[in-house]
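Hello,

Here is the structure I said I would pass on. My notes on it follow below.

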Amino acid sequence: MSDRELLEAAAKVAGIDGEFRTEHLCVNGDWDDVTAIFLADGWGWWNPLTDDGDVLRLAVQFALLFSDDNAWHEYYGEELAMGRDVLSATRRAIVRAVAAMKEKT
């Protein structure tokens, strides 16, 4: 699944209203390309693959870190095996687990 598909699926499950796009923006004084779900209300973007705050809110919303029977554990091991650092693997595993909920609903 591409990052775009992953973000769009997780956003749908989490009730995030917006559209996927890339913008060239000034972030913390540096110009960079930001790829994320741009929120429909116009108040920023959402990308739990790169933002610790977004992914923590997502994990809490679905109680992923507080239960041993969730898919995020399996995904976490896969992401680490792919050579991702611990924080990146954790973020991606949480987003993958939420995105997978789309298939069950």
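Leaving aside neighbours within four places in sequence, which residues is Trp46 in contact with (heavy atoms within 4.5 Å)? They are Leu7, Ala10, Ala11, Ile16, Ala36, Ile37, Leu39, Asp54 and Leu58.

Before the rest, a word on the source. This is a predicted model, with residues numbered from 1 along each chain as its sequence is written. Local features need pLDDT of at least 70, side-chain atom pairs count only at pLDDT 80 or more, totals for chains, interfaces and linings use all residues, and side-chain values use heavy atoms, with hydrogens and water left out.

The core: the largest nonpolar core (buried Ala, Val, Leu, Ile, Met, Phe, Trp, Tyr and Cys residues joined through side-chain atoms within 4.5 Å; buried means under 20% relative accessible area, 1.4 Å probe, protein chains only) has 23 residues. Trp46, Leu58, Leu64, Ile94 and Val95 have the most contacts inside this core. Helices (DSSP runs of H or I, at least four residues, numbered from the N terminus) α1 (3–14), α2, α3 and α4 (86–104) each supply at least two of its residues. The largest share, 7 residues, comes from α4.

Helix α3 (residues 72–81): its buried residues are Trp72, Tyr75 and Glu79. Seen down the axis of α3, these fall within an arc of 60° (taken from the directions from the helix axis to the C-beta atoms), so they line one face of the helix. On the other side of α3, Glu74 and Ala81 are exposed (over 50% relative accessible area). Gly83, just after α3, takes a positive phi of about 90°.

Regards

Notes
Contact means heavy atoms within 4.5 Å.
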